[in-house]
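Colleague: Please take me through one part of this model in close detail: a helix and the sheet it packs on. After that, add what you can on confidence and on the empty spaces.

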Amino acid sequence: LTIMGDADMEPNISPPDNTAQQDPPFSMTDLFLVSLIVGLFTYWFFFRKKKEEVPDLPKMQSVAAPVRDSSFIDKMKKTGRNIVVFYGSQTGTAEEFANRLSKDAHRYGLRGMAADPEEYDLSDLSRLSEIDKSLAVFCMATYGEGDPTDNAQDFYDWLQEADADLSGLRFAVFGLGNKTYEHFNAMGKYVDKRLEELGAQRIFELGLGDDDGNLEEDFITWREQFWPAVCEHFGVEATGEESSIRQYELVVHTDVNMNKVYTGEMGRLKSYENQKPPFDAKNPFLAQVRENRKLNEGGERHLMHLELDISNSKIRYESGDHVAVYPANDSSLVNQIGEILGADLDTIMSLNNLDEESNKKHPFPCPTSYRTALTYYLDITNPPRPNVLYELAQYATDAGEQERLRKMASSAAEGKALYLSWVVEARRNILAILQDMPSLRPPIDHLCELLPRLQARYYSIASSSKVHPNAIHICAVTVEYETKTGRLNKGVATNWLKNKVPDESGSNSLVPMYVRKSQFRLPFKPSTPVIMIGPGTGIAPFIGFIQERAWLKQQGKEVGETVLYYGCRHEREDYLYREELARFHQEGVLTQLNVAFSRDQAEKVYVQHLLKKNKENTWKLVNEGNAHIYVCGDARNMARDVQNTFYEIVAEFGNMSQPQAVDYVKKLMTKGRYSLDVWS
């Protein structure tokens, strides 16, 4: 506007004589148009404000953002609890232990609650001292190579970053781990150490449960000493009441809309009929099996290769990730349980939590039928834990059987030994116990309340998404063995997968699954050499690795040495992916193919023997080529023996002492150059 005014004045100024006469810069038409534009802009500017004014209406809760009760302190105050037991659980055991501890509390005049750390704001720990005689207990499982479980990841991240003052917090930790793994009980140890660093007061020593030994016994031993320490700290005494209290009440539905009944879904009702991404543990994708072939040519075992179709699922995976599948129990076992208990398995029922304030409303999705619960939701094949036997004992009408059950559930040395021999070593599942104790006939609803949840099974993915973007491959061996009682026990997931044969309708070949990310990754630079060691089904992730290296080579990338150490029992029986490996070797993608056939000669030969045989070349790849080492398979023997072999190679060619060699390998692990994907 200022420039406009200046221009209006300029026509009255005479130009110099040596220039031609110029027209005015703006005509009347220009001025009219500009004025019109300014007027319209001014009108829009002022009247727009009035249009945007929003009347002061009462605020409404958004449907899209569900509210969750994130303050466990408020919940504890509201329900009169003073002990909270948090659990970091991947397979359900830590959650089960947490429930048992929270249930124990009433025997000491205290009230406990089990809590999933994923559902609460853990920074509230600093406020726990507001509650009289308060205590936080942590049952923390370690997953994989020292990682937190999925539901404890946020808690772990918070602990790492927190600078909270927890000086008023009293705590105790029980860790669940496995000594065959390198980072035994890493999560339990970290939580215990970090809470103390933040000023919290430990009222009882860290418990370290070992699943390679007897996890149940480790927990019971710790628990027996934990409660007396709690009593001493708070000045309370045991009331003598045993904790045989029902947590859920049975509601039988006689007139129910079947569209509102769960039929095996893990989370959302009808999620298997109306699939919506993203897919995860609570919302698995129903993948169709498009190939299921036997890999081995002979022998008693059944080794198989399955291909799951993930087209249109938006599922993404990387080589080295794990696929989780939700299996179903054998229908014959389910029918036998129903028959022995005289129950109508097709009864529609709900088990509702008697504690109305609990976040866990049901032990599994309800309403559902007993048949569905025993098929898809409950673990009926593993030996039941002592606490389950204790609860069941009341239903044994024979005094001898009742006493036997109570003894096995007790903490007495004789009882522990009996439980170990009669239940664990004999691999008696709930059906076998019911068969061998004719007077034990519990109500089926209480049995369903007591049995643990059937867990997803994890498999190392045997394919590369670069080559197979719409499929996930699995390599597995069926588990089948005879118990000391002469029964034939079968692995739930592998035998279920074995029967997933592709058919035209696709109904019999659907597998509920999701992908779990892993740290088991190929090097960022394709030119980095890799040494892969994986006997048996431990070959799985390396098939994916080799496929990916072949793809990278096809893209014109420089690919480093790709060395494989594979082992099986017999060359002519169980040499898995023989043709594929031979082709990769012939094409030069697989630069070294070293195969150990352990039982084809008098003296057994394993992968570590071949590794030792090529020790000079191995050291050169590791020391000069900065090779990445990958080990997949059995943790108890193979992974340990391979690691010891690397200690020997490093000590010999690196001119180091044994402790220095161990330190060298540990540093490779820290740098991500020695990775493990192992199981026990």
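Modeller: Helix H20, residues 635-653, lies across three strands: S19 (530-533), S22 and S23. Against S22, helix H20 runs at about 155°. Keep in mind that this is a predicted model.

Now the sheet under discussion. Its 5 strands come in the order S21-S20-S19-S22-S23. The sheet is open, and the pairing is parallel. The edges are held by strand S21 (592-597) and strand S23 (674-679). Each has a single partner strand, so one side of each is left without a neighbour in the sheet. On average, neighbouring strands here are turned by 10° against each other, direction ignored.

Look next at the pair S22 and S23. Strand S22 covers residues 628-634. It runs parallel to S23, and 6 bridges join the two. Within this region, Tyr 630 stands opposite Ser 675 of S23.

On confidence, the protein averages a pLDDT of 89. A score of at least 70 is reached by 89% of the residues. Two stretches need care. Residues 1-26 stay under 50 in pLDDT, and the model gives them 9 contacts beyond four places in sequence. Residues 43-68 are also below 50, with 3 contacts beyond near neighbours in sequence. Where pLDDT is low, the predicted coordinates should not be read in detail.

Now the empty spaces. The whole structure holds 2 cavities of 30 Å³ or more. The largest cavity has a volume of about 60 Å³. Its lining consists of Asn 214, Glu 216, Glu 217, Ile 220, Pro 386, Met 408, Ser 410, Lys 416 and Tyr 419. Helix H7 (215-234) and helix H12 (413-425) each give at least two of the lining residues. The largest share, 3 residues, is from H7. By class, that lining splits into 4 nonpolar, 2 polar and 3 charged residues.

One pocket is worth adding. The second largest pocket has a volume of about 290 Å³. Part of its lining is a run in the sequence: Val 477, Thr 478, Val 479, Glu 480 and Tyr 481. Glu 300, Arg 301 and His 302 also line this pocket, as do Lys 498 and Arg 569. The class count for this lining is 3 nonpolar, 2 polar and 5 charged residues.

Definitions and conventions:
Residues are numbered from 1 along each chain as its sequence is written. This is a predicted model: local features need pLDDT of at least 70, side-chain atom pairs count only at pLDDT 80 or more; totals for chains, interfaces and linings use all residues. Side-chain values use heavy atoms; hydrogens and water are left out. Two strands pair if DSSP finds at least two bridges between them. Helices (H or I, at least four residues) and strands (E, at least two) are DSSP runs, numbered from the N terminus. Axes are lines fitted to C-alpha atoms, for helices over the stretch in contact, and angles run from 0 to 180 degrees between N-to-C directions. Contact means heavy atoms within 4.5 Å. pLDDT is the predictor's confidence in each residue, from 0 to 100. On a 1 Å grid over the protein atoms alone, a cavity is a set of points where a 1.4 Å probe fits but cannot get out, and a pocket is an open set with protein on both sides within 12 Å along at least five of seven lines; lining residues have an atom within 4 Å of a point. Grid points are joined across faces, edges and corners, and a volume is the space filled by probe spheres set on the points. Ala, Val, Leu, Ile, Met, Phe, Trp, Tyr, Cys and Pro count as nonpolar, Asp, Glu, Lys and Arg as charged, and the others, Gly among them, as polar.
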